[in-house]
Amino acid sequence: MKYSLYDIYPSGIFNGYGIDYAKKRFAVLKEIPHFNSILDVGSGPCFLKQWIEENFTHNIEYEAVDIRQDALDLCDCPKYNTIPSNKTYDLACLFGTVTYNIDFETNKNKQLLKDLLIQSKTVSKQILFTVFKDDQLNTISEKRKSQFVFYTKNEIKEMLDELGLKIKNIEKTFRRNVETDVYEYDPWYLSFEYDRFEYFILCESK
Ligand SMILES: C[S@@+](CC[C@H](N)C(=O)[O-])C[C@H]1O[C@@H](n2cnc3c(N)ncnc32)[C@H](O)[C@@H]1O
């Protein structure tokens with residue numbers, strides 16, 4: 001039995017959780033020091049572009065990457081099916097890009113995130129990405145466990161070490177976990193009820 005992106009998102013407008021939830025998560029960008037350009041990797045229908053226009057007064061160049069053409073067709077911006085090789089950006093974002101356990105192949109999906117981070121590193125010094133926390137595994141059904149990709153803090157740290165990326169601190173909403181040296185988005189600081197399920201990781205090239 002296969003489990004494809006088209007089972008999860010029946011059409012390009014779906015991001016898996018709706019625009020309101022997406023916008024709550026984008027608010028983490030307000031904590032990142034000034035940036036003028038952003039590559040949204042796994043953009044879906046580009047809700048981030050709309051959020052940026054609503055929340056920043058200065059001009060931010062926004063470009064989108066998604067493997068789903070039906071999602072990109074809804075976006076009014078420069079858009080690509082793969083990360084462009086001839087451009088650079090101040091920030092690359094992967095909001096929920098590797099969340100669903102496509103075809104129930106966890107290792108393959110984890111490799112996909114690694115590959116996207118490697119490519120993102122070639123176009124941007126700073127990268128922000130989100131993944132599901134493994135610490136909710138005791139509270140969800142076996143079926144849901146198989147449908148998503150989860151990460152431990154150590155896995156994230158090891159992956160970033162391997163990729164030559166270091167975790168970057170950004171003020172109060174990120175706090176350093178002393179055990180792993182990972183800076184995590186503090187879900188309670190802004191009372192984001194959903195974000196207790198995810199790590200928000202800001203990293204940069206070493
Ligand atoms: C959960 S949605 C998130 C959409 C958007 N970032 C948001 O927060 O609203 C994940 C998106 O990542 C895209 N995606 C998955 N694998 C990808 C890949 N290898 N390269 C580019 N996009 C990918 C999917 O097509 C989907 O649109």
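**Exercise 1. Place Ile-102 in the fold: is it buried or exposed, and which residues does it touch?**

Step 1. Ile-102 has 19 other C-beta atoms within 10 Å, so it counts as partly exposed. A residue is buried if 20 or more such atoms lie within 10 Å. Bear in mind while you work that this is a predicted model.

Step 2. Now find Ile-102 on the chain: it sits in the loop between β4 and α5.

Step 3. Look for partners far away in sequence. Ser-4 is 98 residues from Ile-102 along the chain, yet their C-alpha atoms are separated by 5.5 Å.

Step 4. List the contacts, leaving aside neighbours within four places in sequence. Ile-102 is in contact with Tyr-3, Ser-4, Leu-5 and Asn-109.

**Exercise 2. Follow one of those partners, Leu-5: where does it lie, and what does it touch?**

Step 1. Leu-5 belongs to helix α1, which covers residues 5–8.

Step 2. Count the surroundings of Leu-5: 15 other C-beta atoms lie within 10 Å, so this residue is partly exposed.

Step 3. Not counting residues up to four places away in sequence, Leu-5 touches Arg-68 and Ile-102.

Step 4. Check the distance to Asn-101 as well. Leu-5 and Asn-101 are 96 residues apart in sequence, and their C-alpha atoms are 9.4 Å apart in space.

**Exercise 3. Describe how helices α2 and α3 pack: what are the angle and the distance between their axes?**

Step 1. Recall what is needed: two packed helices are described by the angle between their axes and the distance between the axes.

Step 2. Read off the values. Helix α2 (residues 18–26) and helix α3 (residues 47–55) meet at an angle of about 60°, and their axes are 10 Å apart.

Step 3. Put a word to the angle: α2 is therefore oblique to α3.

Step 4. Add the hand, which is right-handed for the crossing of α2 and α3.

Step 5. Name the residues that make the contact. From α2 come Ile-19, Ala-22, Lys-23 and Phe-26, and from α3 come Phe-47, Leu-48 and Trp-51.

Step 6. Sort them by class: the contact of α2 with α3 has six nonpolar residues, one charged residue and no polar ones.

Step 7. Finish with Gly-18, which lies in helix α2. Gly-18 has 11 C-beta neighbours inside 10 Å and so counts as exposed. Its C-alpha atom is separated by 9.2 Å from that of Phe-47, 29 residues away along the chain.

**Exercise 4. Examine Cys-46 and Phe-104: what is phi for each, and how exposed is each residue?**

Step 1. Start from the usual case: most residues other than glycine have a negative phi.

Step 2. Take Cys-46. Its phi is positive, about 65°, although it is not a glycine.

Step 3. Locate Cys-46 in the loop between β1 (37–41) and α3. With 22 other C-beta atoms within 10 Å, Cys-46 is buried.

Step 4. Turn to Phe-104, another residue other than glycine, with a positive phi near 55°.

Step 5. Phe-104 is in the loop between β4 (89–94) and α5 (106–123). Its 13 C-beta neighbours inside 10 Å make Phe-104 partly exposed.

**Exercise 5. Trace the surroundings of Glu-204: which residues are in contact with it?**

Step 1. Find Glu-204 in strand β10, residues 198–205.

Step 2. Use the neighbour count: Glu-204 has 16 C-beta neighbours inside 10 Å, so it counts as partly exposed.

Step 3. Leaving aside neighbours within four places in sequence, its contacts are Lys-125, Gln-126, Leu-165, Lys-166 and Lys-168.

Step 4. Compare sequence with space for Ile-127. Glu-204 and Ile-127 are 77 residues apart in sequence and 6.0 Å apart, C-alpha to C-alpha.

**Exercise 6. Step back to the chain and its ligand: how many helices and strands are there, and how many residues surround the ligand?**

Step 1. The chain has seven helices and 10 strands.

Step 2. Of its 206 residues, 32% count as buried.

Step 3. Look at contacts between residues at least 6 apart in sequence: 69% of these join residues at least 24 apart.

Step 4. Move to the ligand, which 20 residues surround. The closest are Asn-15, Gly-42, Gly-44, Phe-95 and Gly-96.

Step 5. Sort the shell around the ligand by class: it divides into 10 nonpolar, eight polar and two charged residues.

Definitions and conventions:
Residues are numbered from 1 along each chain as its sequence is written. This is a predicted model: local features need pLDDT of at least 70, side-chain atom pairs count only at pLDDT 80 or more; totals for chains, interfaces and linings use all residues. A residue is near a molecule or strand if its C-beta atom, placed from the backbone, lies within 6 Å of it. Ala, Val, Leu, Ile, Met, Phe, Trp, Tyr, Cys and Pro count as nonpolar, Asp, Glu, Lys and Arg as charged, and the others, Gly among them, as polar. Axes are lines fitted to C-alpha atoms, for helices over the stretch in contact, and angles run from 0 to 180 degrees between N-to-C directions. Helices (H or I, at least four residues) and strands (E, at least two) are DSSP runs, numbered from the N terminus. Angles under 35 degrees count as roughly parallel, over 145 as roughly antiparallel, 65 to 115 as roughly perpendicular and the rest as oblique. A crossing is left-handed if the near helix is turned anticlockwise from the far one by less than a right angle, and right-handed if clockwise. Two residues are in contact if their C-beta atoms, placed from the backbone, lie within 7 Å. A residue is buried if 20 or more other C-beta atoms lie within 10 Å of its own, exposed if 12 or fewer, and partly exposed in between; C-beta atoms are placed from the backbone.
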